[in-house]
Amino acid sequence: MDPQQLHKYLDQMKVVEVKLGHVDGIPLIQTTCDMWDKFQNFQAREDDLLIATYPKAGTTWMQEIVDLIMLQGDVEKSMRAPGYVKVPFLDLNPKPMPSGVDAANAMPSPRVLKTHMPIKLVPPSFWEKNCKVIYVARNAKDIMVSYFYFQKLNLRLPDPGTWNEYFSTFLAGDVAWGSWFDHVIDWWKAKEEHRILYVFYEDIIEDPKREIRKIAKFMEQEVSDEVLETIHHHTSFEVMKDNPMANFTTLPPEVFDQSISKFMRKGKVGDWKNHFLVSQNIVFDEEYRKRMEGSGLTFREEL
Ligand code: A3P
């Protein structure tokens, strides 16, 4: 999208009424439901790379890493446009901007695309074309806190209410894109059938270079030590938080009101400890035990 056109769209973005609808039992933003056939019929191409995540798992971080791997660490080129233009978000239909599907259709290959869909709602063409997918997973407690603040600042998602209210809403899976539990488990199982690299947010925090190498290998890209160093630096929390192409400050306050909370908020493992009451932690751990039993999946809630 050319920068002038982008500015025109951004100027026209207003506060809109927020509604969630449902598809196959999954709560989704109503405007996503409105384009459902178009979304399901999206035509993936063989060399597409899909970044799939539950919201707040580190999607934007992965987008920057992947983009810089493809560019062999060319930071200047990576600043060509905001992340949401470089990597179309297929699920969105954010008038007056083109829908994610339209933006992707207009893009030359090779494309990097983003979705928050549970695997059962991903357009089937991704599997028909045997596309590669990078799935980023993050522990539910930190996601819950991050999503709570995100629903406050993102005026196109429902107001989360109080923290105590949100705790119940989130555990019930009554948030856009549905239950965290089903999301992480179903994508985990799908690794057996599809070309999916399943990456944990906590692992990237623990050893970013190790994980960047793993991602590059999956993408069949060689990265020298020098390039790795550049990617590591440019995708650190400290650098990304001041990068207007990554921190969403290009969006008007009618869409993301960052005076409420910053998009690049904390970027840590374990911030949930500053929010969960002791009683909430007990309730959460019990639910977690029941839902995750036998899944073979383990998450780290602290490092
Ligand atoms: P917090 O709200 O916990 O700070 P998404 O892109 O999926 O919406 O995820 C956003 C979360 O990822 C936010 O978490 C954000 O701060 C964090 N994040 C983004 N870039 C990061 C980076 N370079 N390092 C660590 N965390 C990052």
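## A selection tour, starting at Glu220

Start by selecting Glu220, which counts as exposed at 63% relative accessibility (buried is under 20% relative accessible area, exposed is over 50%, and partly exposed lies in between, using a 1.4 Å probe and protein chains only). Before you click further, note that this is a predicted model, where local features need pLDDT of at least 70, side-chain atom pairs count only at pLDDT 80 or more, and totals for chains, interfaces and linings use all residues. Residues are numbered from 1 along each chain as its sequence is written, and side-chain values use heavy atoms, with hydrogens and water left out.

**Stop 1: Glu220 and its flanking helices**

Glu220 sits in the loop between α13 and α14; helices here are DSSP runs of H or I with at least four residues, strands are runs of E with at least two, and both are numbered from the N terminus. Check the backbone: phi of Glu220 is positive, about 55 degrees, although this residue is not a glycine. For background, most residues other than glycine have a negative phi, and most peptide bonds are trans.

Now select residues 208-218 (α13) together with 225-234 (α14): these helices pack at an angle of about 115 degrees, and their axes are 10 Å apart. Axes are lines fitted to C-alpha atoms, for helices over the stretch in contact, with angles from 0 to 180 degrees between N-to-C directions. α13 and α14 are therefore roughly perpendicular to each other (65 to 115 degrees; under 35 is roughly parallel, over 145 roughly antiparallel, and the rest oblique). The crossing of α13 past α14 is right-handed, meaning that the near helix is turned clockwise from the far one by less than a right angle, while anticlockwise would be left-handed.

To see the contact (heavy atoms within 4.5 Å), show Pro208, Lys209, Ile212 and Arg213 from α13 with Asp225, Leu228, Glu229, Ile231 and His232 from α14. Coloured by class, the residues of this contact divide into 4 nonpolar, 1 polar and 4 charged. Here Ala, Val, Leu, Ile, Met, Phe, Trp, Tyr, Cys and Pro count as nonpolar, Asp, Glu, Lys and Arg as charged, and the others, Gly among them, as polar.

**Stop 2: Leu197**

Next, pick Leu197 in strand β6 (residues 196-200). Is Leu197 buried or exposed? At 13% relative accessibility, Leu197 counts as buried. Setting aside neighbours within four places in sequence, Leu197 is in contact with Val133, Ile134, Tyr135, Lys214, Ile215 and Phe218. Draw a distance from Leu197 to Ala140: their C-alpha atoms are separated by 19 Å, with these positions 57 residues apart along the chain.

**Stop 3: α9 against α10**

Ala140 takes you into a second helix pair. Select 140-153 (α9) and 163-171 (α10), whose axes come within 11 Å and cross at roughly 120 degrees. α9 and α10 are therefore oblique to each other, and α9 passes α10 in a right-handed crossing. Which residues of α9 and α10 meet? Ala140, Ile143, Met144, Val145, Tyr147, Phe148 and Gln151 in α9 meet Trp163, Tyr166, Phe167, Phe170 and Leu171 in α10. The contact residues here divide into 11 nonpolar, 1 polar and no charged.

**Stop 4: α4 and Gln72**

Move to helix α4, residues 59-70. At 1.5 Å a residue its 12 residues should span 16 Å, and its end C-alpha atoms are 17 Å apart, which agrees; the expected span is 1.5 Å times one less than the number of residues. Of the 12 residues in α4, 11 are buried, including Trp61, Met62, Ile65 and Leu68.

After α4, click on Gln72 in the loop between α4 and α5 (75-78). Gln72 has a positive phi of about 50 degrees although it is not a glycine, and Gln72 is partly exposed, with a relative accessible area of 36%.

**Stop 5: Val87 and the cis prolines**

Val87, in the loop between α6 and α7, is buried, with a relative accessible area of 4%. Leaving aside neighbours within four places in sequence, Val87 is in contact with Gln63, Val112, Leu113 and Lys114.

Pro96 lies in the loop between α6 (83-86) and α7 (100-105). The peptide bond joining Lys95 and Pro96 is cis, with omega about 5 degrees. Continue to Pro110, in the loop between α7 and β4 (112-115), where a cis peptide bond joins Ser109 and Pro110 with omega about 0 degrees.
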